[in-house]
Amino acid sequence: MQRLPTGETVITPRNFKLLEELEHSEKGLGDMSISYGLVDGSDIFMGEWNGGILGPHGTQHDSRFYELRISIPADYPAIPPKVRFVSRINMNCVDPKTGEIIYSKVPATRNWNRNMGMEQILISLRVEMASDANRRLRQPMEGSTFRKVDISMQAGDDSCVMRRQLVDHALSSHTIGCRASRFRIIWTTRQAFPLNKLMLHFALDK
């Protein structure tokens, strides 16, 4: 959003804003402890971005590099993007199960305005890493990641569909329970099995 000498306000369209941010990042401008760029350079809608944060010195995050995924909504920059950590991290502003940031606990998203961008969110998260509430928190094993799982089921049907999106497979095992309609599904993955195979257990709910 820009204000003209006449006093008029010009609202920057979504894609123009994203192109400005992409150029800013590709030229290496701004804070060098964070990074961001398109997941797919041919994506004309520029919807999915990778982010990175270098952990601040003198904290439990020191020398660690955290990978994030940033999803840009259609109404951006009127509303902030959806941001989640791919790298597993222990912070009071990050959901411990999904890695998604908690908007109300991150200053940049809590006080969001359309003049802000992805850089401000990543910087804000890095500042939170060094805060008194987070700097000394014990962290997961370096290199471990959150898993993202989408499960959809048809109520009242004897079939279920599970779509598994595996961000990474650094964790040795993980178990998730899901309840819906008549079925309970529990699945487990282990490194000993190929990544495209799941051990599925079905049980009828009484």
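Here is a short walk through this protein, from its overall layout to its core and its less certain end.

The structure is a predicted model, in which local features need pLDDT of at least 70, side-chain atom pairs count only at pLDDT 80 or more, and totals for chains, interfaces and linings use all residues. Residues are numbered from 1 along each chain as its sequence is written, and side-chain values use heavy atoms, with hydrogens and water left out.

Let us start with the layout. The protein has three helices and eleven strands; helices (H or I, at least four residues) and strands (E, at least two) are DSSP runs, numbered from the N terminus. Read from that end, the order is β-β-α-β-β-β-β-α-α-β-β-β-β-β. Of the 206 residues, 35% count as buried, meaning under 20% relative accessible area with a 1.4 Å probe and protein chains only.

Some of these strands can be followed side by side. Strands β3 and β4 run antiparallel and are joined by five bridges, while β4 and β5 pair in the antiparallel sense over seven bridges. Two strands count as paired if DSSP finds at least two bridges between them. A good residue to follow is W49: it is the bridge partner of L38 in β4, and its own bridge partner in β5 is I70.

W49 also leads us inside. It is among the residues with the most contacts within the largest nonpolar core, a group of 30 residues. Such a core is a set of buried Ala, Val, Leu, Ile, Met, Phe, Trp, Tyr and Cys residues joined through side-chain atoms within 4.5 Å. At least two core residues come from each of α1 (14–26), β3 (34–38), β4 (48–54), β5 (65–71), β6 (82–85) and α3 (118–129). Helix α3 gives the most, with five residues. In soluble globular proteins, nonpolar side chains tend to be buried together.

M118 is another of the core residues with the most contacts. Leaving out residues up to four places away in sequence, M118 touches L18, E21, Y36, W49, I70, I72, Y76 and P81, where contact means heavy atoms within 4.5 Å.

How far can the model be trusted? The predictor's confidence in each residue, pLDDT, runs from 0 to 100. The protein averages 78, and 67% of the residues score at least 70. Over residues 149–206, however, pLDDT stays under 50. Where pLDDT is low, the predicted coordinates should not be read in detail.

Conventions:
Buried means under 20% relative accessible area, exposed over 50%, partly exposed in between (1.4 Å probe, protein chains only).
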